[in-house]
2 protein chains.
Amino acid sequence: MNAVFKALADPTRRKVLELLRKQPMTAGELADHFPVSRPTMSAHFAVLREADLIESTKIGTTITYHLKLSVLEDALLGFARLFGTEAPNATANATQAIEPGHAQKGSTQ
Amino acid sequence: MNAVFKALADPTRRKVLELLRKQPMTAGELADHFPVSRPTMSAHFAVLREADLIESTKIGTTITYHLKLSVLEDALLGFARLFGTEAPNATANATQAIEPGHAQKGSTQ
DNA sequence: ATTTAATTTCGATGATTAGCTAAATACCAA
DNA sequence: TTGGTATTTAGCTAATCATCGAAATTAAAT
């Protein structure tokens, strides 16, 4: 969890995650969204990989990254839970909030 | 929001927030929970203050810190919302989840 | 076999950060 | 005023970090 928060501390990396939320992207495509060099972006990817927030698949010479949303959720929720006054269903609610995409439970509204 | 994530990147500071969730505490009491010097703790407090995550009140020579939960919420939720597939009511749910005890929003701190 | 393309690793640099001790500040009590 | 307590500021060091250009790697294309 420390690794996740460390990874989240940099705005470039947060933006990468945000881009990756919409769809998987190659390292080059991602890099095109930022005004820094390829090696710098590669280092950011390494930090995100280290935190287990993204995963890579290689096809030919191209590396595609995709978000591991559940890891992000778990870290955020694990932390958020420390601040809820021990409401047992807090987790379920917040999971809906963060990941309504594939948390398709019968939502309360 | 960047300041908040930067502040959250350090485990000592996260622990401080966690302690402060239970009750306000003085700088000295907080410091007693960590194996680092007072000045170091003071620097951590400064970072948290800078991120607007804590607030201090001074009585005599003693400084009491308390958590500004709503700021923490807003940052976490603002970020989490980026990862929800555009569910507009996600915020309301997660706010409940994180702060079920005192869910009054426009708090006058 | 060469060249080209995508990405990472290497090595260096400047900036930021966490930590320390010592000193300063602010306040209270005697 | 002198002394003591709580906390911060100052000044420093060591470690970590974001960044770069150059070189290495890997695979495809000619």
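This briefing describes aromatic pairs, the surroundings of a DNA strand, and the strand pairing in two protein chains. The model is a predicted one. Over all chains the structure holds six aromatic pairs, and 24 residues surround DNA strand D. In chain A, three strands form an open sheet in the order 1-3-2, with antiparallel pairing.

**Aromatic pairs in chain A**

- The ring centres of A:Phe45 and A:Tyr65 lie 4.8 Å apart with the planes at 40°, and because a pair counts as stacked under 30 degrees and as edge-to-face over 60, this one is classed as tilted.
- This pair connects distant parts of the chain, since A:Phe45 belongs to helix 4 (residues 38-50) of chain A and A:Tyr65 to strand 3 (residues 62-67) of chain A, with the two residues 20 residues apart.
- A:Phe45 has a relative accessibility of 3% and counts as buried, and A:Tyr65, at 4% relative accessibility, counts as buried too.
- A tilted pair is also formed by A:Phe79 and A:Phe83, whose ring centres are 4.9 Å apart and whose planes stand at 55°.
- A:Phe79 and A:Phe83 are four residues apart in helix 5 (residues 69-83) of chain A, so about one helical turn separates them.
- With a relative accessible area of 1%, A:Phe79 is buried, and A:Phe83 counts as buried at 3% relative accessibility.
- A:Phe5 joins A:Phe79 and A:Phe83 in a cluster that is linked by ring pairs.

**Surroundings of DNA strand D**

- The closest of the 24 residues around DNA strand D are A:Ser37, A:Thr40, A:His44, B:Gly28 and B:Tyr65.
- Among the atoms of DNA strand D that lie within 4 Å of the protein, 70% belong to sugar or phosphate, and the rest belong to bases.
- A polar side-chain atom of A:Arg13 is placed 3.0 Å from a phosphate oxygen of DNA strand D, and an N or O atom in the side chain of B:Ser42 is likewise 3.0 Å from a phosphate oxygen of this strand.
- For B:Ala27 the contact comes from the backbone, with an N or O atom 3.4 Å from a phosphate oxygen of DNA strand D.
- The elements giving two or more residues to the surface near DNA strand D are helix 4 of chain A and, from chain B, helix 3 (27-31), helix 4 (38-50) and strand 3 (62-67).
- Helix 4 of chain B gives the most to this surface, with five residues.
- By residue type, the surface near DNA strand D consists of eight nonpolar, ten polar and six charged residues.

**Strand pairing in chain B**

- Strand 1 (residues 25-26) of chain B runs antiparallel to strand 3 of chain B, and two bridges join them; B:Thr26 stands opposite B:Thr64 of strand 3.
- Strand 2 (residues 54-59) of chain B pairs with strand 3 of chain B in the antiparallel sense over six bridges, with B:Thr57 standing opposite B:Thr64 of strand 3.
- Strands 2 and 3 of chain B form a hairpin with two residues between them, and B:Gly60 in the turn has a positive phi of about 60°.

**Strand pairing in chain A**

- In the open sheet with the order 1-3-2, strand 1 (25-26) and strand 2 (54-59) of chain A stand at the edges, each with a single partner strand, so one side of each has no neighbour in the sheet.
- Six bridges hold the antiparallel pairing of strand 2 with strand 3 of chain A, and A:Ile54 has A:Leu67 of strand 3 as its bridge partner.

Definitions and conventions
Residues numbered from 1 in each chain as written. Chains lettered and ligands numbered in written order. Predicted model: local features only at pLDDT ≥ 70, side-chain atom pairs only at ≥ 80, totals over all residues. Heavy atoms only, no water. Phe/Tyr/Trp six-rings, centres within 6.5 Å; stacked < 30°, edge-to-face > 60°. Buried < 20%, exposed > 50% of the residue type's maximum accessible area, 1.4 Å probe, protein only. Near = heavy atom within 4 Å. Polar contact = N/O pair within 3.5 Å; in protein donor to acceptor, adjacent residues only side chain to side chain. Nonpolar A, V, L, I, M, F, W, Y, C, P; charged D, E, K, R; others polar. Pairing = 2+ DSSP bridges.
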